[in-house]
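Work through these exercises on charged side-chain pairs. Try each task before reading its solution.

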Amino acid sequence: RVLELTGCAASMVASSRSYADFTPEATFDIKKVDLHRLEEGPPLTATLTREEGLKYYRTMQTIRRMELKADQLYKQKIIRGFCHLYDGQEACAVGIEGGITLSDHLITAYRAHGYTLTRGGTVREIMAELTGRRGGIAKGKGGSMHMYTKNFYGGNGIVGAQVPLGAGVALACKYLGNDQLCVSLYGDGAANQGQIFETYNMSSLWKLPIIFICENNQYGMGTSVERSSASTEYYKRGDYIPGLRVDGMDVLCVREATKFAADHCRSGKGPILMELQTYRYHGHSMSDPGVSYRTREEIQEVRSKSDPISMLKDRMLSNNMASIEELKEIDIAVRKEIEDAAQFATTDPEPPLDDLCSHIFANDQPFEVRAATPWTKLTSTS
Amino acid sequence: VASVWILSECVSLFQVNVRDALNQAMDEELERDERVFLLGEEVAQYDGAYKVSRGLWKKYGDKRIIDTPITEMGFAGIAVGAAFAGLRPICEFMTWNFSMQAIDQVINSAAKTYYMSAGAQPVPIVFRGPNGSSAGVAAQHSQCFAAWYGHCPGLKVVSPWNSEDARGLLKAAIRDDNPVVFLENELMYGVPFDLSEDVMQKDFVIPIGKAKVERRGTHITLVSHSRCVGFCLDAASVLAKEGVECEVVNLRTIRPLDVDTIEASVMKTGHLVTVEGGWPQYGVGAEICARVMEGPAFNYLDAPAVRVTGVDIPMPYAKILEDHSVPQIKDIIFSVKKVLNM
């Protein structure tokens, strides 16, 4: 696919370097995980194959460029409303997916574009949803915060509400006996929500196969963790639930911790909680420049020292798992994919007005919907 | 069971109170579809705070009848998530007053999701429990939520009156692939009604969105829901002695409102009184009047349409005060006579 997209000349360059030149797999030391109510944690090393590395690199780069393109389109007023960007946090979405399968389930809050991609959405349909077109993943009806794919339940706008929903999905997994689990994500801001503690309680009582994941990016909107939370040790906040605090900027750390957590769930032990320490480069949303409550120096420091994509790239290059040219080709391919998607997203027509009232009820007869005045008759279909 | 002769045919009638009608409906639907389950406070080992789920835990066990902690927001969210993932939960609120703790999950997670996902994610869930005034339970336990939930697109809202309603509408709600708010009434739970064999069939369902004319009349239309339907029928009996024949319409469903049945009745009688237990402002009666104003029935009205409602105050405790906070039969009779200029 890389070769398809980059054209003939580039493919000549790629094929002149034979596959046998690269290291097929390497093992890396990864940061030790802080444990809560656990005797043992995930391993201190992670093995990465060349194939996995290229896949993680490409996916993270796709998320990165997709989010940056969304930033651009938002500033051009082609995307409107809420737009919460994920750049900086890519290792979380990609690492988590590396530790579960697509038959497992996942739900998150509103910073959801990255997850929509890792859960099977395409850049095209994600971008077209942001621009509110009929080719959008929710046909333009949902927008940035309401994107869904198979076994991915959004995209949720109400802070914290997604956590009990995720436990409900986990309950269904246990009820149906299908050995699947549900990953239920929330941020440091949401971590103080009462309904999350209610969910901790019921999930533990009923031993639901749920992995709670707190993506701690240090700020809930403009409020730093020290100013919002009496305890910032989010991995311990589940109290009786075992917890792990993980470097969320390292895709391998995230993957190994997720695998560990998934084993825990699937063995019937009930819930487990992971805190991923991560960082968002953008402000809370496109309305937030993101520098009134934190310094530009801080952002720059994270970018230069802990960028998830750079970290993976350096690992692969220094272990001869890929060449610079190869990674550049992936970058070019990703850029093209994003450009094509943006082109689609800006030219696809808006949803038809006939669609205005559809999708109120599932599997129902069409019915009349009250319009803005009593004389207009609108119809809703399923 | 009683056997009676109707039109020279021997018909079996089953005396079933509303509580048992709900219980039997749930029992039959639990048996019919393995994905159906019940969760809520005290629904299992306590047999239900109002005994509506009596016997179900003994029969179906922990997996399908689940006692929850007192955490409405959490367990309502869990119920909705289970519906996302393909189960068919019945989520009980001990009373609808407690649904306010969880109302975000009912509206934002359940009602709106099918629309936001453009049809990708249906939410086949029933929220049920007793609604409205009871007896001596005071202000925080007596609110009627028909208007609040009836306001929201994406929800179906039903309000049964008698045992036939309770049975048929609960079965329909459980079989519906959409979120249904099911408003019961505690004071009706113990009231017995005669049900025919047809109604007792396992596949007896009442279509959601269809009102029923409980009593035919020609002089005035009374539109009501839940317990007040009984008061309307009582008022109609008294008024019949004075030669006034009331047509009593039992809404059965709050949303979608069966405007056609209401309009047909008003076009026949030319007079309308709505009767509800809830507060007057922005209520069910207000909606009915607005719709009649906007539609063909307006031209048939010989007098303004009027609402009989609960008194616009928080519910007091003392019996004499409580009695004067809810619509009484004499209020309905008085309103009918006023509207008919008698």
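The exercises below concern salt bridges in a predicted model, and then one annotated domain.

**Exercise 1. The contact between chains**

Task: Find where the salt bridge between B:Glu294 and A:Arg370 sits, and classify both partners as buried, partly exposed or exposed.

Solution:
- Step 1. Take the distance. N and O of this pair are 2.3 Å apart. The cut-off is 4 Å, so the pair qualifies as a salt bridge.
- Step 2. Place the partners. B:Glu294 belongs to helix α11 (residues 284–294) of chain B, and A:Arg370 to strand β11 (residues 367–370) of chain A. The pair therefore crosses between chains.
- Step 3. Check accessibility. B:Glu294 has 41% relative accessibility and counts as partly exposed. A:Arg370, with 48%, is partly exposed as well.

**Exercise 2. A link between two helices**

Task: Which helices does the salt bridge of B:Glu28 and B:Lys171 tie together, and how many residues apart are the partners in sequence?

Solution:
- Step 1. Confirm the pair. The closest N and O atoms of B:Glu28 and B:Lys171 are 2.7 Å apart.
- Step 2. Locate both ends. B:Glu28 is in helix α1 (residues 18–32) of chain B, while B:Lys171 is in helix α7 (residues 163–175) of chain B. So the bridge joins parts 143 residues apart in sequence.
- Step 3. Apply the 20% limit for buried residues. B:Glu28 is at 15%, so it counts as buried. B:Lys171 is at 0%, and is buried too.

**Exercise 3. From a pair to a network**

Task: Describe the pair B:Asp203 and B:Arg175, then name the network that holds it.

Solution:
- Step 1. The closest N and O atoms of B:Asp203 and B:Arg175 lie 3.0 Å apart, which makes a salt bridge.
- Step 2. B:Asp203 sits in the loop between α8 (197–200) and β10 (212–215) of chain B. B:Arg175 is in helix α7 of chain B, 28 residues apart from B:Asp203.
- Step 3. B:Asp203 is exposed at 55%. B:Arg175 is partly exposed at 23%.
- Step 4. Extend the pair. Salt bridges link B:Glu28, B:Glu29, B:Arg32, B:Arg167, B:Lys171, B:Arg175 and B:Asp203 in a network.
- Step 5. Widen to the total. Over all chains, the count is 44 salt bridges.

**Exercise 4. The annotated domain**

Task: What are the helix and strand percentages over residues 58–352 of chain A?

Solution:
- Step 1. Read the record. An unreviewed UniProt entry lists "domain: Dehydrogenase E1 component" for residues 58–352 of chain A.
- Step 2. Over these residues the chain is 47% helix and 11% strand.
- Step 3. The end C-alpha atoms of this stretch are 35 Å apart.

Methods
Residues are numbered from 1 along each chain as its sequence is written. Chains are lettered from A and ligands numbered from 1 in the order in which they are written. This is a predicted model: local features need pLDDT of at least 70, side-chain atom pairs count only at pLDDT 80 or more; totals for chains, interfaces and linings use all residues. Side-chain values use heavy atoms; hydrogens and water are left out. A salt bridge is a side-chain nitrogen of Lys or Arg within 4 Å of a carboxyl oxygen of Asp or Glu. Helices (H or I, at least four residues) and strands (E, at least two) are DSSP runs, numbered from the N terminus. Buried means under 20% relative accessible area, exposed over 50%, partly exposed in between (1.4 Å probe, protein chains only). UniProt positions are given in the numbering used here, feature names are shortened, and annotations may be inferred rather than shown by experiment.
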